[in-house]
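Dear colleague,

I am passing on to you the structure that we talked about, and below it you will find my notes on what turned up when I went through it. Please keep the structure open while you read, so that each residue can be looked up as it is named.

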Amino acid sequence: MLDDRHTVLPQEIEPVPLTRSDTGKAGDLRDAPNVPRGSMGRRTRRNWYVAAAAGAILAGVWSFSAHMAMPERGTVPPSPPVVTVALPLRENVTNRTELTGQFSAVNQVGLRAQVSGYLTEIHFQDGQIVRKGDLLFVIDPRPYEIQLQQATAQREAAAAALELADKQVARTARLNREQFATDELLDQRAQTQRAAAAAVQTAEAAIRSAQLNLEFTRILAPFGGRVSMRRVSVGSLVSGGTSDPTALTSIVSLDPIYLDFDMSEADYVAYRHSSVGQPADAKTAVQISLDGEQAWSRTGELNFLDNQIDRGSGTLHARATLSNPDLTIVPGQFARVRLPVSPAQPALLIPDSAQLTDQSGKTLMVVQDDGTVVPKKVEIGALEDNGMRVITRGLLPTDRVVINGLMRLRPGLKVEAHLAPLSRTTKN
């Protein structure tokens with residue numbers, strides 16, 4: 001602001017008296033000594049303009065100062081932020097341990113040739129899903145059809161020889177009773193009969209062997225699953241037998257499927273304690289999570305625990321079985337498995353998005369009865385389904401936890417809290 005000694009209001013400027021020489025005509029100024037012609041009139045007007053401008057500026061400064069000094073009328077204090085709070089959800093929760101497992105096929109087989117010959121047909125595409133009994137390969141069956149015909153003919157010959165031997169034995173036995181044939185001749189005819197019967201059995205076995213070899217020329221899927229790539233082509237000469245049979249392809253079953261994993265000794269002990277009191281034939285359900293799917297969306301059944309802990313790793317091998325109706329899980333794929341290690345116990349749950357993280361740990365914003373926001377340090381547990389987080393320590397069932405509007409809060413701030421019901425399906 002301007003100093004008081006420099007503040008001069010327009011009305012304080014003394015008017016300059018005008019004389020006849022000032023207001024007279026220009027011709028009258030000639031009487032004034034040492035005054036140039038026309039200078040007095042210009043000076044008077046200039047002084048009046050300067051005084052008027054200074055007065056206007058000072059009046060504006062005074063008005064602005066007065067305006068700044070006056071308080072504004074009708075100012076409303078800001079309203080407190082609106083947040084959504086909820087009481088912790090109280091439910092029975094089972095403590096679980098998370099492990100890493102790998103899927104394996106319940107059934108898997110490598111198909112090899114059982115008879116030798118030229119491969120004439122292939123009836124699948126590499127990687128195709130096949131069903132039990134589907135035709136996969138055909139080896140040239142003609143040599144084995146000939147073997148079957150030969151075995152059939154040998155059986156017919158043996159059957160004819162047996163029929164003749166039966167007649168001779170019957171005739172010789174009658175003559176021996178009438179003392180026309182010796183006992184030695186009867187014995188020879190009986191021995192011939194037994195040899196003919198053995199020849200018939202040999203011929204029948206040869207027929208079955210030929211039929212089996214002929215059946216082996218058509219290679220079928222032993223069970224349903226996914227077939228691998230073919231390792232031979234049409235026209236290839238494949239070798240059968242037990243020495244070095246030709247590998248054709250492999251098949252793995254997909255539904256159901258195994259999940260193999262290893263648990264530590266501590267996890268095994270905790271699991272055993274959690275199952276105390278349950279029936280011996282009770283099945284333990286495990287939760288399974290795969291990459292690219294909703295967390296813990298699949299459920300399996302623990303059906304195998306190994307009979308000893310590995311001395312090298314200190315782990316126990318376990319296996320769960322789960323259904324795979326959509327055939328999306330393949331053997332060798334990894335997954336996370338949750339195994340229960342305690343009975344169901346009451347616990348407090350909140351939405352996982354309600355917690356804040358800093359260097360000291362996890363914090364929840366709690367609204368007191370007077371609307372003041374207070375931070376609470378808590379200890380967290382496992383993340384349950386649908387984004388609910390278990391709080392193990394530091395939270396009371398009566399605490400009103402802020403679940404929406406955290407970005408607008410700071411400790412000690414007064415807020416307007418709206419209580420909302422909380423459930424496992426609460427969305428934030």
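**Asn 324 and its surroundings**

Leaving aside residues up to four places away in sequence, Asn 324 touches Leu 254, Asp 255, Ile 257, Arg 298 and Ile 329. Please bear in mind that this is a predicted model, and that the distances and angles here are therefore computed from predicted coordinates. Asn 324 sits in the loop between strand 15 (315-322) and strand 16 (334-340), and with a relative accessible area of 0% it counts as buried, because the cut-off for that word is under 20%. What does the side chain of Asn 324 reach at 3.0 Å? The partner there is the backbone oxygen of Ile 329, while a polar atom of the side chain of Asn 324 also lies 3.3 Å from the backbone nitrogen of Thr 328.

**The barrel**

Strands 15 and 16, which flank that loop, also belong to a barrel that 6 strands close in the order 3-12-15-14-13-16, with antiparallel pairing. On average, neighbouring strands of this sheet are turned by 40° against each other, direction ignored. As general background, strands of a sheet pair through backbone hydrogen bonds, and this can be either parallel or antiparallel. Strand 3 (residues 96-105) and strand 12 (residues 257-264) run antiparallel and are joined by 5 bridges; in one of the pairs, Gly 101 has Phe 261 in strand 12 as its bridge partner. Helix 5 (residues 265-274) packs on the sheet, where it touches strand 3, strand 12, strand 13 (284-289), strand 14 (298-305), strand 15 and strand 16, and its direction makes about 105° with that of strand 12.

**A long helix span to check by eye**

Helix 4 (residues 183-216) has 34 residues and reaches 50 Å from its first C-alpha to its last, which is close to the 50 Å expected at 1.5 Å a residue. Which residues of helix 4 are buried? They are Ala 190, Ala 196, Val 200, Ala 203, Ile 207, Ala 210 and Asn 213, and the buried residues of this helix pack against helix 3 (142-177).

**Salt bridges**

The structure holds 10 salt bridges, and I describe a few of them here. The side chains of Glu 293 and Arg 298 meet in one of them, at 3.0 Å from N to O, and both residues are linked with Asp 326 in a network of salt bridges. Glu 293 is partly exposed, with a relative accessible area of 31%, whereas Arg 298, at 12%, counts as buried; Arg 298 is also one of the residues that Asn 324 touches.

Lys 377 forms a salt bridge with Asp 358, and their closest N and O atoms are 3.0 Å apart. Because Lys 377 lies in strand 20 (residues 373-383) and Asp 358 in strand 18 (residues 355-358), this pair ties together parts that are 19 residues apart in sequence. Lys 377 is partly exposed at 46% relative accessible area, and Asp 358 is partly exposed at 39%.

Asp 399 and Lys 376 meet through their side chains in a salt bridge of 2.6 Å, N to O. This pair links distant parts of the chain, 23 residues apart, with Asp 399 in the loop between strand 21 (388-393) and strand 22 (401-404) and Lys 376 in strand 20. Asp 399 counts as buried at 9% relative accessibility, while Lys 376, at 23%, counts as partly exposed.

With best wishes

Terms used:
Residues are numbered from 1 along each chain as its sequence is written. This is a predicted model: local features need pLDDT of at least 70, side-chain atom pairs count only at pLDDT 80 or more; totals for chains, interfaces and linings use all residues. Side-chain values use heavy atoms; hydrogens and water are left out. Helices (H or I, at least four residues) and strands (E, at least two) are DSSP runs, numbered from the N terminus. The expected span of a helix is 1.5 Å times one less than its number of residues. Buried means under 20% relative accessible area, exposed over 50%, partly exposed in between (1.4 Å probe, protein chains only). Contact means heavy atoms within 4.5 Å. A polar contact is a pair of N or O atoms within 3.5 Å; within protein, one must be able to donate a hydrogen and the other to accept it, and residues adjacent in sequence count only if both atoms are side-chain atoms. Two strands pair if DSSP finds at least two bridges between them. Axes are lines fitted to C-alpha atoms, for helices over the stretch in contact, and angles run from 0 to 180 degrees between N-to-C directions. A salt bridge is a side-chain nitrogen of Lys or Arg within 4 Å of a carboxyl oxygen of Asp or Glu.
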